[in-house]
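Ready for some practice in reading a protein structure? Take a look at the sequence and the model, then try each exercise before you read its solution.

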Amino acid sequence: MGRQMLKKGERGIATSYMSRKQALKKLQLSLKDFRRLCILKGIYPVEPHHKKKANKNNSTNKTYYYVKDIQFLAHEPLINKFRSFKIFVKRLNKAIGKQDQEASKRLRENQPIFKLDYIVKERYPTFVDAVRDIDDAISMCFLFSTFPKGRGLKPELIQLCRRLTIEFLHYIVESKSLRKVFVSIKGIYYQAEIMGQLVTWIVPHTFGFNRPNDIDFKIMVTFAQFYSTMLGFVNYKLYNSLNLVYPPKLAVECPDSEELLKGEDDYSEYIAALNFDLKSSLEKSAVEEETQIDEFPVGADDAEMQAQKLKEEKIKKLQKLFQGCKIYLNREVPKESLLFIIKCFGGEVSYDKSLYVGSTFEETDETITHQIVDRPLGTKQYLNRYYIQPQWIYDSVNAGMLLPVDLYFPGEILPPHLSPFVEEKEGDYVPPEKQALIDFQSGRTKSIRRTEESSDEELEEQSSEEEKEGEQGPDEVIPNKRKATQQVSEQDNKRAKMKVTAGVPIKMDPAKLAQKEAAEEKRLAIMVMPKKSKHLYNKIIHGQKRKNRENLKMKEKREAFEKQQKSQKKQKTAH
């Protein structure tokens, strides 16, 4: 039998992709419902390798999807829910138009509701998959928790996001899994280690909300609906891993326990305070028992196990960073952020009880060690405590140690707030403040404060070394001084008369001789390299030179900045 002849566009790339218009026709959905369905199911547009072939030799620009994804959506039960909701809206509008209150009331009571639980289980078959992909969910829920209720934003969704984020913060406090913090213009970045996965999220600053006009909030609401369902599953699983009661309840030993049981709203406010321990599902004696990890003798070859042990010791030390510190927050500082961080690292914290619920001690308490302020100090001060600015908390967490408080006194010019997410590799530019902090952490220096003379000397040394590296290539064998001496000797030989003189043995330094031999071996190895390897090597060298040029530019900018600062100081002193 002969092979059946296929028409053009019935095989190859054309059968793997489908345009959005074709998908809407196949699923019998509106564009709004189709977008909503794709967001909930995790289906996204794709870029074909060959657009013209995918569109059957048509060059018009279209949005494409995989055919298998559209076939997967065709059997989705949510499509019937969308259609039933459309019917409900039509009947409700008809009843309202006829002013039939009984019919409209009956329709509202029987409004079709759909749940997204099965979609979460479908998209994340294991709990680790959900934790690995929870960054966007937490950030979106924190964003919606700061929104005021308005057009297109239901108060139930905003309250749900607020409750879920508070539950998540409570888990971070109880597990002490926070690792890094960074304050930026966009908001406050946090990074925690959950089930061996690094989770990073951002919390927006508490400013007044100005609704933008160029953002489609309907799409954001769809994301928030799915992410809130997902975060509810994750919170439940995380609480069970710590044997905590879910939904969270405060421990019986918390202060004012009788007053907390008066109303549900008051109780939720005390939970949102983040200043009390949560109730455990186990007995107190069972919770306090710590499991001892078996220790095995580490051999010389087992360096990985030794490194893991050092990492765990460092984390345990970080978790007790503020242990023994009793910190009071003034009303002008970001209360929720600072309280969350201090509680994560074992510190005691309180604030003005007339502003927020959950205060544990007064400002007049003489056992307070630190008071966080961000305004000029008043007349009433206590000599037995430090008055410091909020940045001390964030910088101490990122440094993994309590930094000197004299740099953060009220009125002091604060040191740069360095990002903990930037890790300089070998050959990268390291700011002087970061280098000073590294030296202080390693114990090479006793202070983080850099003097002007030392900083100028360091910059001059670094710039001179960089200039030498830029002038000399990696394959250069003869140094510049040797070339200069050779030129001088050649000129002297031309001027001198021909005569026989006694030879003098040249004394060679063994280190320089070994360096010269190594450079010669490297040059010969490059010569015998295959063409493909030599091309790769040249690309690496080109990248190193480009990085050196970038570092030199950064150092020049730093020098210009410090010169400008010096001139400004001189002008102030002159006036």
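Below are six exercises, each with a worked solution.

This is a predicted model, where local features need pLDDT of at least 70, side-chain atom pairs count only at pLDDT 80 or more, and totals for chains, interfaces and linings use all residues. Residues are numbered from 1 along each chain as its sequence is written, and side-chain values use heavy atoms, with hydrogens and water left out.

**Exercise 1. The overall picture**

Find how many helices and strands the protein has, and what share of its residues is buried.

Solution. Start with the secondary structure: the protein has 22 helices and nine strands. Helices (H or I, at least four residues) and strands (E, at least two) are DSSP runs, numbered from the N terminus. Next comes burial: of the 575 residues, 32% are buried. Here buried means under 20% relative accessible area, exposed means over 50%, and partly exposed lies in between (1.4 Å probe, protein chains only). Then turn to the surface: about 39500 Å² is exposed, and carbon and sulfur atoms supply 52% of it. Such accessible areas come from the Shrake-Rupley method with a 1.4 Å probe; for residues, only the protein chains shown count as cover.

**Exercise 2. Following a charged network**

Work out which residues are joined with Lys41 in one network of salt bridges.

Solution. First, the rule: a salt bridge is a side-chain nitrogen of Lys or Arg within 4 Å of a carboxyl oxygen of Asp or Glu. A search of the whole structure finds 14 of them.

Step one is the pair of Lys41 and Glu76, whose closest N and O atoms are 2.6 Å apart. Lys41 lies in helix 2 and Glu76 in the loop between helix 4 (67–73) and helix 5 (78–97), so this pair ties together parts that are 35 residues apart in sequence. Both Lys41 and Glu76 are buried.

Step two is Glu122, which forms a salt bridge with Lys41, with the closest N and O atoms 2.5 Å apart. This pair links distant parts of the chain: Glu122 is in helix 7 (residues 117–123) and Lys41 in helix 2, 81 residues apart. Glu122 is partly exposed at a relative accessible area of 39%, whereas Lys41 has 5% and counts as buried.

Step three looks at another pair, Arg162 and Glu336, whose side chains meet in a salt bridge (3.2 Å, N to O). The two are 174 residues apart, with Arg162 in helix 10 (residues 155–175) and Glu336 in helix 16 (residues 335–344). Arg162 is partly exposed at 32% relative accessible area, and Glu336 is partly exposed at 29%.

Now go back to the network: salt bridges that share partners join Lys41, Glu76 and Glu122.

**Exercise 3. A charged residue in helix 2**

Decide whether Asp33 is buried or exposed, and list what it touches.

Solution. Locate Asp33 first: it belongs to helix 2 (residues 31–41). Its relative accessibility is 8%, so Asp33 counts as buried. Leaving aside neighbours within four places in sequence, Asp33 is in contact (heavy atoms within 4.5 Å) with Phe82 and Lys86.

**Exercise 4. Two hairpins**

Describe how strand 4 pairs with strand 3 and with strand 5.

Solution. Remember that two strands pair if DSSP finds at least two bridges between them. Begin with strand 3 (residues 178–183), which runs antiparallel to strand 4 and is joined to it by five bridges. Lys180 has Gln191 in strand 4 as its bridge partner, and four residues lie between the two strands of this hairpin.

Continue with strand 4 (residues 188–194) and strand 5 (residues 197–203), an antiparallel pair with seven bridges. Ala192 stands opposite Val199 in strand 5. This hairpin has two residues between its strands, and Met195 in the turn has a positive phi of about 55 degrees.

**Exercise 5. The setting of helix 18**

Identify what covers the buried residues of helix 18.

Solution. List buried residues of helix 18 (residues 432–442): among them are Pro432, Leu437 and Phe440. Their cover includes helix 17 (391–399) and helix 22 (531–574). After helix 18 comes Gly443, with a positive phi near 90 degrees.

**Exercise 6. Checking for disulfides**

Count the disulfides in the model.

Solution. Apply the rule that a disulfide is a pair of cysteine sulfur atoms within 2.5 Å. The count comes to zero. As for cysteine burial, Cys38 is buried at 4% relative accessible area, and Cys325 is buried at 8%.
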